[in-house]
Amino acid sequence: MVPDEVRAFLSSNRPEIDDVRWTKPEKYHITFEYFPDLSNEMFKAAHRTVQALSKYFPLKCELNHFSGFPSHRKARVIIALISLDNSGIQIVCENKRFNPHVTVGYARNPPVFVPQNALKLSFSFARPALYRSEKGIYTEIETVGTR
């Protein structure tokens, strides 16, 4: 989950886009890697990834700009992209095309254009965790302490 000051900053700086269902700030979280469904074997791999990530924490981050998936021109999901202070963490995450982000909203219908509004806010957080998302409820299922 993101720090309170990041939640407040993102919710007060949302891009002006019509027909978007905005995510509640208390549900903001940083996604480093997404696993659509975790079989037992995939959970073990995800657990190893979270453990490998822990050596890079506390992790310094910076909000970059708003964008969207699959693209900012035809976004179904509105996100705030994040850059990481330590490039080593990208090596641990296997999906090289994946960008760490905070999901801030969903286009209702059709996809929307997301202005590339610059965001400049630095922050850090203490530890990685693995969460399960079911029907909009996030449950922490794996925590790894930092060194």
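Helices and strands are named here as DSSP runs, with at least four residues for a helix and at least two for a strand, and are numbered from the N terminus. With these names, P70 is placed in the loop between β3 and β4 (77–84). The peptide bond that joins F69 and P70 is cis, with omega about 0°.

The model is a predicted one. Its average pLDDT is 83, and 86% of the residues score at least 70. Confidence is highest in strand β1 (residues 20–22), at a mean of 96, and lowest in helix α3 (residues 88–92), at 62. Where pLDDT is low, the predicted coordinates should not be read in detail.

Strand β5 is a convenient place to start. Six of the seven residues of β5 are buried, so this strand is largely enclosed by the rest of the structure. Several strands pair with β5. Strand β1 runs antiparallel to β5, and three bridges join the two; W22 has G105 as its bridge partner in β5. Strand β2 (residues 30–31) also pairs with β5 in the antiparallel sense, over two bridges, and here T31 is partnered by H101. Between β4 and β5 there are five bridges, again with the strands antiparallel. In this pairing, V77 is matched with Y106 of β5.

H101 deserves a closer look. This residue is in strand β5 and counts as buried, since its relative accessibility is 4% and the limit for a buried residue is under 20%. Leaving aside residues up to four places away in sequence, H101 touches H29, I30, T31, F69, I79, A80, L81 and I82. One of these contacts, T31, is also the bridge partner of H101. Another, F69, is joined to P70 by the cis peptide bond.

Helix α1 (residues 4–12) can be read in terms of its two sides. Its buried residues are V6, R7 and L10. They cover an arc of only 100° around the axis and therefore lie on the same side of α1. The buried residues of α1 pack against β3, β4, β5 and β6. On the other side of the helix, D4 and S12 are exposed.

The structure holds three salt bridges. Side chains of opposite charge can pair when their charged atoms come close. Within α1, the side chains of R7 and D4 form one of these salt bridges, at 3.5 Å from N to O. The two residues are three apart in the helix, about one turn. R7 is buried, because its relative accessible area is 19% and the limit is under 20%. D4, at 57% relative accessibility, counts as exposed.

Another salt bridge is between the side chains of R108 and D19, with an N to O distance of 4.0 Å. R108 is in the loop between β5 (101–107) and β6 (118–125), and D19 is in the loop between α1 and β1, so the pair ties together parts that are 89 residues apart in sequence. R108 counts as partly exposed, at 48% relative accessibility, and D19 is likewise partly exposed, at 41%. The backbone at D19 has a feature of its own: phi is near 60°, a positive value in a residue other than glycine.

The loop that holds R108 also contains P110, between β5 and β6. A cis peptide bond joins N109 and P110, with omega about -5°.

The remaining salt bridge is formed by E62 and K120, whose closest N and O atoms are 3.5 Å apart. This pair links distant parts of the chain, with E62 in strand β3 (residues 59–69) and K120 in strand β6, 58 residues apart. E62 is partly exposed, at 25% relative accessibility, whereas K120 is exposed, at 61%. Strands β3 and β6 are also among the elements against which the buried residues of α1 pack.

Notes:
Residues are numbered from 1 along each chain as its sequence is written. This is a predicted model: local features need pLDDT of at least 70, side-chain atom pairs count only at pLDDT 80 or more; totals for chains, interfaces and linings use all residues. Side-chain values use heavy atoms; hydrogens and water are left out. pLDDT is the predictor's confidence in each residue, from 0 to 100. Buried means under 20% relative accessible area, exposed over 50%, partly exposed in between (1.4 Å probe, protein chains only). Contact means heavy atoms within 4.5 Å. The arc is that of the directions from the helix axis to the C-beta atoms. Two strands pair if DSSP finds at least two bridges between them.
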